[in-house]
Each structure stands twice: as C-alpha cells, then as structure tokens.
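Biologist: Could you take me through one part of this fold up close, beginning at a loop and working outward from there? I would enjoy a connected account that I can follow with the structure open beside me.

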Amino acid sequence: MTSLRAENTGGADAPDALDLALEQSNEVKAKVETCAEDLATANEGVKEQIAGGTTLLSAHETLLVGTTVESKVQECADDLHEVTETLARGIEELAQTEIALTESREVLADTQAALAISREDERAARRRALHDSMTGLPNRDLFDDRLSHAIALAQRHDWTLAVMFLDLDGFKKINDTYGHAAGDAVLKEVARRLSLHSRDEDTVCRNGGDEFLYLVVNPQGKENIERIARLVSTNVASPIAVGGRQFVVNASIGISVYPVDGATGDELVKSADTAMYRAKKHASSGVFVDRGETESASA
C-alpha cells in the first residue's frame, strides 16, 4: 500500500498542519478517482466479455478484480484516517495559537496600562519639580523659564513686560503667634487669590517664604500695570478666615518694567525686589514702587 507523504509536523504552525491536511485530502481524492476509473474499466471488461458470449468470469479473474478493488479502497480509507489525524493536529495547534494570542493580548493590555501609569507618574513628577508643593503655584525655576520666553517674545513684538515682587506684611506675626498651620493656610489663600485674577498668559510664582513673583505679559501701558497692582493689593488685603479667626495681611509690591528696568530676567527680578523694599519702608497698605519712584497704589 502506498501511503501519503509522511512529514514531521510536530513543530509546525497550525496553518502548516492544515495546509498539509488539505494536500493529503487532495491526494486521497486522486486515489479515489483512480479507484473509480479502475472499477469502471473492470466493469467495461465484464460487459465486453458478456457481449462476446462469456457469461461467467473465471473464479481467478473475479477474485483478482475484487482483491484489487478492496486493496485500493482500504488504502484510501487508511489515507483518509491519516488526513483526519493531520487535520485534528492542525485544529489543536490552531486552538493553542488562539490561546497564545489571547494571553499576548492580555500581556499587551497590562503593559499599556503600566505605561499609562508610568506616564502619569512622569507628568506628576515633572509637575512636582516645577511647582511649589504647598501652594501649587509655579516655582522659581518655572517662573524664570517663562520670563525668559516672555522676554524673547517682547523683543520680537516690541512688547513691554512687568515683574511684580510681592512680600506679605504681617505674615511673620501670624506664623509666630498661631503656628505654621495657620501661616500655611494664609499662604495658600493668597496664592489662590493671585491665580484667580491672573491672565492665562501671565505667571504667578511663589518665590519662597511669604514672597511671590507676578509676571505680566504685554500690559500695554503704565496705567494697566498700576491697575493690576492695585487689584492685587486689594485682593490680598481682604480678610482670610482660618480656624474661626480672621487674618489680614498686606502686600508690599515692587515693580520693574522691561526693557526700562532690565534687559534680562535676573535684572528685572532684582529691580522689582529693590522696588519692593522701597515700598515696604513706607509701611503703607498697597504701596508699590515703579522705576525707583514711590507711588501710592491703594484703591
């Protein structure tokens, strides 16, 4: 008996096993067709013998034809069994492939989730590195970066910039008398008020302690700078409720204007700091200093 081609499919992929089963099936089909042709030929031979007057075949001829046909039918049956086994093996391998794909998808989903968490952690870490942990305001590093960028834009578009340096009068007394928790609450509220009234293009920064920096981009004139400073002074001076108590702090504000009071970020901050100390000497609520001249900015 001639068997189908034997191939080692133990390590084959499921598609290879299924392709082999299809090839084997085609071979069986060809054998069945050959067997049918042989039967048809034998049948024609019998008909010819009958037509020639021979009504009975010899026992030998009958046995020979029957044995040949039986052998070919058995061979086809064996081959079909082999096809069935190959097909079953391919289906099993295909099922294992599907399981592996499902597991891979789960691993990919877990990896993507972990990556999303990692990116969120990275963003949170970057935010922590560039923002004040207590107030949530930009820290000095982020402020300096935005100030440098604003100066570049001002040079390109012929804008002015204003840097306000704020120091809270009376804060130390609150901190010393009522504790750091009360002082922290006051700082957070001042930060909230400054952020609430600042424009999107401006930047409010906690410079440390009870000091704040306020960058005003393209204020379009000294009058607008003074108006913003008065508004800041008024907002800061409103009573702050903490633990059943009302605290009042005032802001000494020094202002520097680009490019009159400095061409770089450091120069502008230094000029505003100097102006703030001039304002603080006057010990008057809402007083600010612009370009070395003391002016009252109280509402």
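Modeller: Asn 218 is a good place to begin: you will find Asn 218 in the loop between β3 (211-217) and α6 (222-237). Please keep in mind that this is a predicted model. Although Asn 218 is not a glycine, its phi is positive, at about 50°. Most residues other than glycine have a negative phi, which makes this a spot to pause at.

Now step back from the loop into β3. This strand pairs with β1 (residues 161-169) in the antiparallel sense, over 7 bridges. To see one of the pairings, look at Met 164, whose bridge partner in β3 is Tyr 214. Tyr 214 also brings in a residue of another strand, for Thr 203 has contacts with Leu 213, Tyr 214 and Leu 215, among others.

Thr 203 itself belongs to strand β2, which covers residues 203-208. Its relative accessible area is 3%, below the 20% cut-off, so Thr 203 counts as buried. Besides the residues just named, its contacts beyond four places in sequence include Pro 138, Phe 143 and Arg 146. With Arg 146 there is a polar contact too: the two side chains meet at 3.4 Å.

Phe 143 leads us on to a pair of helices. The axes of α3 (residues 140-157) and α7 (residues 265-282) come within 9 Å of each other and cross at roughly 115°. The two helices are therefore roughly perpendicular. On the α3 side, the contact is made by Arg 140, Phe 143, Leu 147 and Ile 151, and on the α7 side by Gly 265, Leu 268 and Val 269. Phe 143 thus takes part in this helix contact and also touches Thr 203.

Follow the chain past α3 and you reach Asp 158, in the loop that leads to β1. Here is another positive phi on a residue that is not a glycine, this time about 60°. With a relative accessibility of 71%, over the 50% cut-off, Asp 158 counts as exposed.

Beyond that loop comes β1, and the picture is one of cover: 8 of its 9 residues are buried. Along with β3, β1 has β6 (residues 250-258) as an antiparallel partner, with 9 bridges between β1 and β6. You can trace this pairing from Leu 161, which has Tyr 258 as its bridge partner, to Asp 169, which stands opposite Asn 250. Strand β6 is mostly covered as well, with 8 of its 9 residues buried.

Tyr 258 deserves one more look. A cis peptide bond joins Tyr 258 to Pro 259, with omega about 0°. Most peptide bonds are trans. Pro 259 sits in the loop between β6 and α7, which brings us back to the helix that crosses α3 at roughly 115°.

For the wider setting, the chain has 7 helices and 8 strands, and 33% of its 299 residues count as buried. Among contacts with a separation of 6 or more, 67% link residues 24 or more positions apart.

Notes
Residues are numbered from 1 along each chain as its sequence is written. This is a predicted model: local features need pLDDT of at least 70, side-chain atom pairs count only at pLDDT 80 or more; totals for chains, interfaces and linings use all residues. Side-chain values use heavy atoms; hydrogens and water are left out. Helices (H or I, at least four residues) and strands (E, at least two) are DSSP runs, numbered from the N terminus. Buried means under 20% relative accessible area, exposed over 50%, partly exposed in between (1.4 Å probe, protein chains only). A polar contact is a pair of N or O atoms within 3.5 Å; within protein, one must be able to donate a hydrogen and the other to accept it, and residues adjacent in sequence count only if both atoms are side-chain atoms. Contact means heavy atoms within 4.5 Å. Two strands pair if DSSP finds at least two bridges between them. Axes are lines fitted to C-alpha atoms, for helices over the stretch in contact, and angles run from 0 to 180 degrees between N-to-C directions. Angles under 35 degrees count as roughly parallel, over 145 as roughly antiparallel, 65 to 115 as roughly perpendicular and the rest as oblique.
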